[in-house]
Amino acid sequence: MKVLIQYTQAGKYRDHAWEALAMKAKGEVQAVTPSYAAQLIDQDKASLVTTEDGQLIIHS
């Protein structure tokens, strides 16, 4: 299961330690693991993407 986030800061990111770093632009949307989403949101580097009524968007 993955959730959608939107990057609030440009930079190099990776969801898993074995993945290569990938350059992401501010505003780019990506499906990531919930734990990585929480880490980025806590660091103010991303925000969670939700539906208009506040529902979490899950990508499988």
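The exercises below, each with a worked solution, concern a predicted model of a protein chain.

**Exercise 1. Confidence of the model**

State the mean pLDDT of the protein chain, and determine which element has the lowest mean pLDDT and which the highest.

*Solution.* Begin with the chain as a whole: the average pLDDT is 94, and 100% of the residues score at least 70. Then turn to the elements, where the lowest mean, 84, belongs to strand β6 (residues 58-59), while the highest, 97, belongs to strand β5 (residues 46-48).

**Exercise 2. The salt bridges**

Determine how many salt bridges the structure holds, and describe for each the residues that take part, with the accessibility of each partner.

*Solution.* Step one is the count, which gives two salt bridges.

Step two takes the pair of lysine 2 and aspartate 15, whose closest N and O atoms are 4.0 Å apart. This pair links distant parts of the chain, since lysine 2 belongs to strand β1 (residues 2-7) and aspartate 15 to the loop between β2 (11-13) and β3 (22-24), with their positions 13 residues apart in sequence. As to accessibility, lysine 2 counts as partly exposed because its relative accessibility is 28%, whereas aspartate 15, at 13%, counts as buried.

Step three takes the other pair, in which the side chains of glutamate 28 and lysine 24 meet with an N to O distance of 3.7 Å. Glutamate 28 is partly exposed, its relative accessible area being 30%, whereas lysine 24 is buried at 14%.

**Exercise 3. The surroundings of aspartate 15 and threonine 33**

Find which side chain makes a polar contact with that of aspartate 15, and compile the contacts of both residues, leaving aside neighbours within four places in sequence.

*Solution.* First locate the two residues: aspartate 15 is in the loop between β2 and β3, and threonine 33 is in the loop between β4 (29-32) and α1 (34-42).

Next, identify the polar contact, which joins the side chain of aspartate 15 to that of threonine 33 at 2.8 Å.

Then classify threonine 33, which counts as buried because its relative accessibility of 15% falls under the 20% cut-off. Aspartate 15 also falls under that cut-off, with a relative accessible area of 13%.

Finally, list the contacts: aspartate 15 touches Lys2, Val32, Thr33 and Tyr36, while threonine 33 is in contact with Met1, Lys2, Val3, Asp15 and His16. Lys2 appears in both lists, and Lys2 is the residue with which aspartate 15 forms its salt bridge.

**Exercise 4. Glutamine 30 in its strand**

Establish where glutamine 30 lies, which residues it touches beyond four places in sequence, and how far it is from serine 60.

*Solution.* The place of glutamine 30 is in strand β4, and with a relative accessible area of 24% this residue is partly exposed. Its contacts, once neighbours up to four places away in sequence are set aside, are Val3, Leu4, Ile5, Tyr7 and Lys24. For one of these residues a polar contact can be added, as the side chains of glutamine 30 and tyrosine 7 are joined at 2.5 Å. Another of them, Lys24, is the lysine whose side chain meets that of glutamate 28 in a salt bridge. As for the last part, glutamine 30 and serine 60 are 30 residues apart in sequence and 13 Å apart in space, taken from C-alpha to C-alpha.

**Exercise 5. Isoleucine 58 and the nonpolar patch**

Identify the residues that make the nonpolar surface patch, and describe the setting of isoleucine 58 within the structure.

*Solution.* The patch, of about 460 Å², is made by Met1, Ile41, Leu48, Leu56 and Ile58. Taking the last of these, isoleucine 58 lies in strand β6, the element with the lowest mean pLDDT. Isoleucine 58 is partly exposed because its relative accessible area, 48%, lies between the cut-offs of 20% and 50%. Apart from neighbours within four places in sequence, isoleucine 58 is in contact with Met1 and Lys2, and Met1 is also one of the residues of the patch. The C-alpha atoms of isoleucine 58 and aspartate 42 are 19 Å apart, with a separation of 16 residues in sequence.

**Exercise 6. The backbone at aspartate 44**

Describe what is notable about phi of aspartate 44, and decide whether this residue is buried or exposed.

*Solution.* Phi of aspartate 44 is near 60°, a positive value in a residue other than glycine. Aspartate 44 is situated in the loop between α1 and β5, and it counts as exposed because its relative accessibility of 56% is over 50%.

How values were computed:
Residues numbered from 1 in each chain as written. Predicted model: local features only at pLDDT ≥ 70, side-chain atom pairs only at ≥ 80, totals over all residues. Heavy atoms only, no water. Helix = DSSP H or I, 4+ residues; strand = E, 2+ residues; numbered from the N terminus. Buried < 20%, exposed > 50% of the residue type's maximum accessible area, 1.4 Å probe, protein only. pLDDT = per-residue confidence, 0-100. Polar contact = N/O pair within 3.5 Å; in protein donor to acceptor, adjacent residues only side chain to side chain. Contact = heavy atoms within 4.5 Å. Patch = residues over 30% accessible without salt bridge, like charges linked within 9 Å, V, L, I, M, F, W, Y side chains within 5 Å. Areas by Shrake-Rupley, 256 points an atom, 1.4 Å probe, with all protein chains shown as cover.
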